[in-house]
Amino acid sequence: MYDLIGIGIGPMNLGLSALAHPTPLRTLFFDESEQFSWHPGMMIKDSMMQTSFISDLVTLADPTSSFTYLNYLRSINRLHTFYFYEQLLISRQEYNAYLKWVASQLDDLSFSTRVIDVQDTGDSYEVLVENVLTGERATYETRNVVIGTGAKPSIPESFDSNVIHNTQYVMEKEQLLTKHKISIVGSGQSAAEIFLDLLTSDRSPDLNLEWISRSTIFETLETGKLGEEIFSPSYVEYFNQLPLKTRQEAVSKFARSQNGISPETLQSIYEHLYDLTKEQKERVQIRANLEVEKITYDSQFEIEMRHTELNQARTSTADAVIAATGFSPALPSFINRLNIEFEGEQAWKVDANYRIVRSIESPHHLYATTNLELSHGPAADNLGMSVSRNQLILNDVAGKDLYPVEQHATFTTFN
Ligand SMILES: Cc1cc2nc3c(=O)[nH]c(=O)nc-3n(C[C@H](O)[C@H](O)[C@H](O)COP(=O)(O)OP(=O)(O)OC[C@H]3O[C@@H](n4cnc5c(N)ncnc54)[C@H](O)[C@@H]3O)c2cc1C
């Protein structure tokens with residue numbers, strides 16, 4: 001009998017496993033991938049984290065843990081160089097290497113194992129898993145389950161299936177660089193990074209690039225000091241108890257804090273665009289206010305767009321299209337049998353302790369570490385906030401304060 005079984009091993013549940021490690025809790029986590037790997041298709045050279053190294057898997061809950069980023073640096077003999085480096089932001093590749101280092105030390109992680117069903121027996125949960133390599137099945141019993149299945153790429157249905165989602169970018173890059181013209185759809189950080197990477201690639205002088213955005217401006221990520229306090233436990237706690245309608249409205253209000261482009265990426269893009277003005281040819285087009293309505297493919301892509309303010313149709317052609325069009329929650333189908341209460345189409349109702357609300361009373365719980373935007377606000381996907389979330393979940397599972405929660409962490413009062 002386990003205390004907690006986790007579905008999915010992304011950074012959220014990996015952090016939970018790292019924090020559970022020194023406690024008496026019996027935990028087990030499953031992931032269908034063969035090994036731990038964090039967004040491999042977006043491991044673009046020089047791409048940076050948007051949160052400081054302090055938002056590693058454990059520091060904000062327990063800086064004395066052996067799984068801190070600083071301890072990782074010490075283990076690979078880079079602690080002093082990092083001290084002189086004097087930066088809070090690290091590269092995405094370094095963060096991924098750190099996550100792999102943590103994963104390699106935890107013995108409650110099981111890869112190549114897909115969770116195919118969870119059944120509530122009344123006394124506990126039975127978790128049915130399948131080894132994706134051998135097809136072998138096994139059942140595990142647990143008091144609680146935490147769902148951390150993350151998100152899946154989302155591409156509008158009206159786009160041809162040959163359009164590549166940005167999560168495939170690194171794997172497709174070599175092939176992409178053989179093309180004459182590439183269009184990128186979307187105006188968030190991923191689109192900006194891919195645009196910059198293609199703009200600066202060795203093949204760049206012969207490549208025509210088109211960047212299509214629905215919005216009028218390319219928003220910068222909110223990095224203002226007080227503004228960032230919405231990524232704090234105080235704000236999350238406040239947000240969770242707001243009426244549904246207020247939360248729904250708030251989610252769209254915070255688009256800039258979540259989806260904006262980092263100032264460094266925008267600066268670098270502009271510098272390279274400025275350099276291009278020395279060339280006397282137009283090979284980069286940045287198009288704002290254009291909603292892509294349809295993309296078809298017949299030896300070339302045809303992109304049908306509509307101007308959002310002039311309401312006029314536009315078309316464009318390309319040899320490859322990259323859709324940086326976001327994600328939708330990856331919800332396993334078996335959750336439909338667990339009497340979960342939903343607030344929106346795919347948004348489950350989740351309480352302040354990250355228990356998923358069910359229409360039946362039960363002494364054992366289902367927790368969520370993903371798909372929390374509507375219940376917990378803009379910090380739902382934030383790596384720093386995931387640490388305090390994991391504290392609350394473990395405290396709740398243990399029935400006592402394994403990790404006391406820090407109080408009064410913000411200057412702003414929200415309620
Ligand atoms: C390119 C990129 C960069 C980002 N950078 C930052 C950043 O700098 N700072 C920040 O705060 N946030 C960042 N984020 C947002 C967020 O931190 C990440 O998306 C993070 O990966 C979310 O973690 P997760 O554990 O919820 O899900 P995921 O990382 O998506 O992991 C979910 C896992 O569940 C597994 N799974 C799904 N279903 C099953 C099943 N039935 N059985 C077994 N396994 C299953 C999948 O294989 C997957 O490994 C970034 C996001 C992206 C896309």
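Is the crossing of α1 and α4 left-handed or right-handed? In this predicted model, the crossing of these two helices is left-handed. The description below starts with the ligand and its surroundings, then returns to α1 and its helix partners.

The shell around the ligand holds 29 residues. Asp 31, Trp 38, Gln 50, Thr 370 and Leu 383 come nearest to the ligand. By residue class, the shell divides into 12 nonpolar, 12 polar and 5 charged residues.

Polar contacts link the ligand to both side chains and backbone. Trp 38, one of the nearest residues, places a polar side-chain atom 2.8 Å from an oxygen atom of the ligand. Thr 51 also contributes through its side chain. One of its polar atoms lies 2.8 Å from a ligand nitrogen atom. At Pro 11, the contact involves the backbone instead. Here a backbone N or O atom lies 3.4 Å from an oxygen atom of the ligand. On its own, the ligand has 1000 Å² of accessible area, and the protein covers 85% of it.

Two elements give two or more residues each to this shell. They are α1, spanning residues 11-20, and β4, spanning residues 113-120. The largest share comes from β4, with 3 residues.

Helix α1 thus leads from the ligand shell to the packing of helices. Two packed helices are described by the angle between their axes and the distance between the axes. One partner of α1 is α12, which runs over residues 383-398. The two helices pack at an angle of about 50 degrees, and their axes lie 9 Å apart. Because of this angle, α1 is oblique to α12. The crossing of α1 past α12 is right-handed. Leu 383, named above among the residues nearest the ligand, is where α12 begins.

Another partner is α4, a helix of residues 92-105. Its axis lies 10 Å from that of α1, at an angle of about 40 degrees. This angle therefore makes α1 oblique to α4 as well. The handedness is the point raised at the start: α1 and α4 form a left-handed crossing, whereas α1 passes α12 in a right-handed one.

Note on methods: Residues numbered from 1 in each chain as written. Predicted model: local features only at pLDDT ≥ 70, side-chain atom pairs only at ≥ 80, totals over all residues. Heavy atoms only, no water. Near = heavy atom within 4 Å. Polar contact = N/O pair within 3.5 Å; in protein donor to acceptor, adjacent residues only side chain to side chain. Areas by Shrake-Rupley, 256 points an atom, 1.4 Å probe, with all protein chains shown as cover. Helix = DSSP H or I, 4+ residues; strand = E, 2+ residues; numbered from the N terminus. Nonpolar A, V, L, I, M, F, W, Y, C, P; charged D, E, K, R; others polar. Axes fitted to C-alpha atoms, helices over the stretch in contact; angles between N-to-C directions. Parallel < 35°, antiparallel > 145°, perpendicular 65-115°, else oblique. Left-handed = near helix turned anticlockwise from the far one by under 90°.
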